[in-house]
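Reader: Hello! Could you take one part of this model and look at it closely for me, and then show how it connects with the rest?

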Amino acid sequence: MKLQRFLSIPVFSVFLLMGLIYYSTLFIIIQNWIGLRSSAGTLNAVIFTFMASLCLFSFFACVLTDPGHVPASYVPDVEGNNQSDQQSQSNASYYLKQCDKCCMYKPPRAHHCRICRRCVLRMDHHCLWINNCVGYWNYKAFFILVLYATVASIYCTVLIITSVFQQEWDFVGRMPLKIFYIVFGVKMAALGATLGTLLGWHMYLIAHNMTTIEYYEGIRAAWLARQSGQNYRHPFDISVYGNITLVSLYLSHYITHFSSVASSNLNMQSLYAFTLLKY
């Protein structure tokens with residue numbers, strides 16, 4: 001079932017783009033500049049191959065990893081000890097959220113994906129290029145993919161610029177190669193800028209412990225709070241350091257915690273507390 005996600009034109013386009021960039025960088029840029037058999041050429045080829053391998057591995061992880069589904073046995077537990085009636089009613093209204101499409105309860109920070117036709121835990125968005133949602137279980141892989149791809153694009157752009165300035169160009173011949181350098185350089189610079197912008201956006205989200213969906217929901221919530229003379233703060237924002245630290249920890253902790261919680265019908269208080277603290 002998961003392998004069917006590769007049967008997509010956007011996913012195939014990503015593979016094709018990776019292959020073209022890898023081939024062009026090694027066998028055209030580096031080869032025509034210093035040669036692949038030279039020590040500098042071999043070093044640059046090894047570095048770029050390593051970056052490309054990391055991108056490919058992260059891409060596979062994004063496509064194949066389940067972003068996080070809500071078990072059919074999930075039942076929210078709104079009972080709380082030492083809570084006032086007002087707090088209990090507030091918790092009940094927050095926990096007892098139902099999905100109109102799935103006709104079942106959904107935990108906090110879960111959203112329904114119209115494309116996947118199910119609720120996804122801590123859904124950030126549905127990514128066309130991986131034919132999968134970006135959610136709780138694969139967000140880390142998605143962020144690392146964007147990071148590796150950004151670094152690789154910048155590295156390739158630097159190689160192109162350096163090779164252009166260090167080569168002795170014959171303006172009489174080799175016009176097709178010159179056109180290729182210009183087109184390929186512009187494409188890599190644009191790709192690096194695009195991926196860098198996306199990387200910066202998700203770094204901002206991580207620093208505030210929010211998703212893309214929660215960011216746009218927060219805009220409306222902040223506007224409503226200002227209208228009533230109140231201040232709005234994202235409820236899952238612990239601190240910048242705490243949010244960034246938890247990104248590298250949440251995956252292993254979540255898998256362990258999820259298995260124990262699922263065995264007891266996913267106690268809502270435990271899941272909510274874990275979601276708040278662990279991401």
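Author: Happy to! A disulfide here is a pair of cysteine sulfur atoms within 2.5 Å, and a search of the whole structure finds 0 of them. Cys102 is in no disulfide, and the nearest cysteine sulfur, in Cys119, is 3.7 Å away. Cys116 is unpaired because its sulfur is 3.5 Å from the closest cysteine sulfur, that of Cys133, which is too far for a bond.

Please keep in mind that this is a predicted model, where local features need pLDDT of at least 70, side-chain atom pairs count only at pLDDT 80 or more, and totals for chains, interfaces and linings use all residues. Residues are numbered from 1 along each chain as its sequence is written, and side-chain values use heavy atoms, with hydrogens and water left out.

How covered are these cysteines? Cys102 is partly exposed at 24% relative accessible area, and Cys116 is partly exposed at 27% (buried is under 20%, exposed over 50% and partly exposed in between, with a 1.4 Å probe and protein chains only). Cys103 is exposed, at 66%. Cys103 sits in the loop between β1 (98-99) and β2 (104-105) (strands are DSSP runs of E with at least two residues, helices runs of H or I with at least four, numbered from the N terminus). The phi of Cys103 is near 60°, a positive value in a residue other than glycine. Most residues other than glycine have a negative phi. Arg122 also has a positive phi, near 45°, and lies in the loop between β4 (118-120) and β5 (125-127). Whereas Cys103 is exposed, Arg122 is buried, with 3% relative accessibility.

Now for the interior. The largest nonpolar core has 40 residues, and those touching the most other members are Phe48, Phe59, Ile130, Ile160 and Phe184 (such a core joins buried Ala, Val, Leu, Ile, Met, Phe, Trp, Tyr and Cys residues through side-chain atoms within 4.5 Å). Two or more residues of this core come from each of α1 (9-33), α2 (39-64), α4 (139-166) and α5. Helix α4 gives the largest share, 12 residues. Another core, of 8 residues, lies apart from it, and this brings us back to the cysteines: Cys119 is among its members, as are Tyr74, Leu121 and Trp137.

Phe184 of the largest core touches Ile21, Ser24, Thr25, Ile29, Cys156 and Ile160, not counting residues up to four places away in sequence (contact means heavy atoms within 4.5 Å). Helix α5 spans residues 175-207 and includes Val186, and His202 is in α5 too. His202 is buried at 2% relative accessibility; leaving out residues up to four places away in sequence, it touches Asp124, His125, Tyr139, Phe142, Phe143 and Thr212. Val186, in contrast, is exposed, at 54%. Together with Met175, Ile179, Ile182 and Val183, Val186 makes a nonpolar surface patch of about 490 Å².

Stepping back, the protein has 9 helices and 6 strands. Of its 279 residues, 41% are buried. Among contacts between residues at least 6 apart in sequence, 67% join residues at least 24 apart.

Conventions:
Patches are made of residues with over 30% relative accessible area and no salt bridge: like charges are joined within 9 Å, nonpolar side chains (Val, Leu, Ile, Met, Phe, Trp, Tyr) within 5 Å. Accessible areas come from the Shrake-Rupley method with a 1.4 Å probe; for residues, only the protein chains shown count as cover. A salt bridge is a side-chain nitrogen of Lys or Arg within 4 Å of a carboxyl oxygen of Asp or Glu.
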